[in-house]
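Here is a quick walk through one protein model, written for someone who would rather look at the fold than read a file. Keep the 3D view open and follow along.

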Amino acid sequence: MVRHPTVPSLLRLVSFPMVVTFILLATVLQLAHGLTIERPPQAPHVFNDTVESVEQLEVTLLAAEKSAIQQILDTVSLEDANFDNTILPYVQNENIRLAKLLPIRVYDSGDLATAANEVYANVSNAVRTVFASEPYFALVDHLYQANPALSEEDEIVLKDMWNKLATSGLSLAAGAERDQYLNKLKRIEDIQDEFFANLDSPVYVYFTAEELDGVSPDTIRTFDNATGANAGKLQIDILSNDNLGELILNSVNETTRLSIFLAYERQAPANVPLVQEMIQLRFEVAQLFNFSSWTEFAIQNTLAANIEAVEDFIADLRTSVAPLGQSEQAVINDLKSKDERLVSPVGEKDIAYRWDKDRYANIERKTTDAVNDDEVKAYFPANVTVPAILDIYAQLYGLRFDRVTGQDANELSPTGKGSDLVYHPDVAMYAVWDNEAYRNACNDPNDSHFRGWLYVDIFQRPGKDNTGFEDMFVPGYYADGRRQYPSVQIVLSLPKSRGDEDAQPTLIQYHQLASIFHELGHGTHDLVSITTYARTHGTSSVPTDFIELPSQFMENYARVPEAIKQISKHWSSLSPQAAEAWRKEQSDPDAPLPPATMPDDLIAQVIKGNDFGTGFDTLASISWSRFDQDLYQLSSLDAIKNTKVAEVYNKDFRSILAIPDPSDLGQGYGWGNEVSTFGQIVEDLYAGLYYSYQWCLVRAEDVFYTAFYDDPFNSAVGWRYRQQVLQPGSSKNVSSLLPSFLGREPNNEGYYRYLVIASLNTGGCPAGSLTTAWLNTEQGGI
């Protein structure tokens, strides 16, 4: 039975005259209060929490969780169990819990952040305990086995609830078997904590200044003098700042590069037995649920669906990408053989080894490209480029982003203080709406066309995570027939200019544009999704081998010349003050200003300059995927105990990446333990599923080259992609979304065009492909 009509019919429960009255009233109030932007139908979140308030939140949420479960148990018998009385009350309480709990995760420094992290962990752990109720599972299991007629979204929610309860241990016999399972889960969590804690230690190398020939003197001056047995040398933590990249790229002494490479590869040796133990624990968990391997257990709810599909996928990519890697290897071999500055060579002079790869790949890029990074980033001032990227999203997806500042923020804030609407002054807040063209095309007077709140947080600050990510900290859902709108944060970590942003703005490097497009791709997925429940909204609960697709798809726009033109503006043209500051940097008060937008020839150079190394990068990803499968497909304890994980890792990399390494110098495959840094092998999301990165990318490029390559800004296609792929979240069978949009099953052809590889099926790049259209401006991936 369908309880909630699907959107937009649900919205038609409100009468047309009521909507007109509401709109007129809202317009009058908006004008009366001086609001310069359209007033959203939902107030934004208020960030005025205190340590005391988040601690009280813990008490409130846990009481509500216990009450929700108990109320179901008190009022529902096994014979009477149905979706409305058994599942619906729980997920409705879950909607509210997530909307109240998730926002405290945004705090990133001080006592409030410490308290918030503790409360979040406490509530999450307690909810798992309360949720894992044997009487409640009996009701859910009875309902699930009855296979009632439900809407597609309700059916998905029921299955998801059953799976989560079953894998909490409740499908196992109470007593020794269940206790054994729970103990294994606890040990898995402990291993994850230990693994990442082991990576927090510095990795020191020691060199004389002479051994660091080629490294910038300014960089060398930052290193400390060593003491003790290494007195007379410099002590360098290769994990600090950008020391690793600086040394590997610029050291002319190959023995120095090899020493640095081995120091990195041999860090955290205590993680090797942890990985070994993790593989065994997960195999034992899979066996408890009658699966032959961890991969077989983990893959059951993915798009790949079975091991054979993953094996075919990895094999096809490996075969197709290998020639590109071989051609890149030939280039760096040649560069090394001609390197007149090379000092203290290791192995063969005409063979570039793994410790040589980055140095000679960088030389190749500079030789063929000759683009000055400072010249390029001058065209990407953050205060212009980020809003311009939002404009591309607006154009493609039929959206409008209203920046909330000043008096508008005060008017919209429930406290009357605009400063309460952001968790840090650097955060830019936007109200996100459908644009006029999309509204007119939809022609639905009952839709408010508001989509939610976006928070763009791009600058570094103390205590902030240095990685980029997107987080939907308030989910979207329906409550009592009314839409609750999502709130989404986009987080990056760009060094902020010390000056006035209007005069000397923060500048974005070209390679960082892909990250901005990527995270906003996730954000848009969460903003435009329309589902009944929080657990099916946007990125929530989509399979691991789908979740990165929308974000990887949008990275293509960092390689589209028209898009680069649209988001570029030389910072000297921002204001008279900026022009003066730029001329001061040139030491010429009369210097002519550069073109305001990036010239076409520079755009072509910039895109082309990021190509070399794509083969290496792709083969490295395939190597990780192969290694992940090699471990998690093991199907016996003896096989696991006899597997030397570090050696398997190194063997897979030597075989697939195919760059010579210490094994070519007679050291075998036990020469290092880079597996100790491969965090995804122990993480829950990607264990047994690492192939998902490439799986998503292949499908993202299929979407781009099939539907957008010829016309990247076609809004009609963008709207259809929004409605058919992004809007459902996981409220529909996700495996049906791409075939519905593409009109066929996904394939690898677009991906091979992305890499400029001739497909095995076509014997060459298809007409109109990257080769024929963009050969002079683009030759591959990132």
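## Cysteines first

C442 has a relative accessibility of 31%, so this cysteine counts as partly exposed. Keep in mind that what you have on screen is a predicted model. C696, by contrast, is buried, with a relative accessible area of 0%. If you are hunting for disulfides, the structure holds zero of them.

## The five-strand sheet

How are the five strands of the open sheet ordered? Going across, you meet β4-β5-β6-β10-β7, and the pairing is mixed. β4 (399-403) and β7 (469-474) sit at the edges with a single partner strand each, so one side of each has no neighbour in the sheet. On average, neighbouring strands here are turned by 25 degrees against each other, ignoring direction.

Here is how some of the strands in this sheet pair up, with one bridge from each pair:

| Strand pair | Sense | Bridges | A bridge pair |
|---|---|---|---|
| β4 and β5 | antiparallel | five bridges | F401 with V432 |
| β5 and β6 | antiparallel | six bridges | A431 with W453 |
| β6 and β10 | parallel | six bridges | V456 with I490 |

For finding your way, β6 covers residues 450-459 and β10 covers residues 487-494. Helix α19 (residues 510-528) packs on this sheet and touches β4, β5 (428-434), β6, β7 and β10. The direction of α19 makes about 170 degrees with that of β10.

Is β5 enclosed or open to the outside? Seven of its seven residues are buried, so β5 is largely enclosed by the rest of the structure. Its side chains split two ways: A428, Y430, V432 and D434 point one way, while M429, A431 and W433 point the other way. Both sets are buried, and that includes the charged-looking entry in the list, D434.

## The three-strand sheet

There is also an open sheet of three strands, this one in the order β1-β3-β2 with antiparallel pairing. Its edge strands are β1 (204-207) and β2 (224-225), and each of them pairs on one side only. Strand β3 (residues 234-237) joins β2 through two bridges in the antiparallel sense. One residue pair to click on is N225, whose bridge partner in β3 is L234.

## Two helices that cross

Now turn to helix α10 (residues 254-265) and helix α14 (residues 354-369). They pack at an angle of about 115 degrees, and their axes are 8 Å apart. The crossing of α10 and α14 is right-handed.

Which residues make the contact? From α10 come E254, R257, L258, F261 and E265, and from α14 come R354, W355, D356, R359 and Y360. Sorted by class, the contact of α10 with α14 has four nonpolar, no polar and six charged residues.

## A buried glutamate

Last stop: E153, which belongs to helix α6 (residues 152-170). Is E153 buried or exposed? With a relative accessible area of 11%, E153 is buried, because the cut-off for that label is under 20%. Setting aside its neighbours within four places in sequence, E153 is in contact with T531, T532, Y533, T536 and S731.

Terms used:
Residues are numbered from 1 along each chain as its sequence is written. This is a predicted model: local features need pLDDT of at least 70, side-chain atom pairs count only at pLDDT 80 or more; totals for chains, interfaces and linings use all residues. Side-chain values use heavy atoms; hydrogens and water are left out. Two strands pair if DSSP finds at least two bridges between them. Helices (H or I, at least four residues) and strands (E, at least two) are DSSP runs, numbered from the N terminus. Axes are lines fitted to C-alpha atoms, for helices over the stretch in contact, and angles run from 0 to 180 degrees between N-to-C directions. Contact means heavy atoms within 4.5 Å. A crossing is left-handed if the near helix is turned anticlockwise from the far one by less than a right angle, and right-handed if clockwise. A disulfide is a pair of cysteine sulfur atoms within 2.5 Å. Buried means under 20% relative accessible area, exposed over 50%, partly exposed in between (1.4 Å probe, protein chains only).
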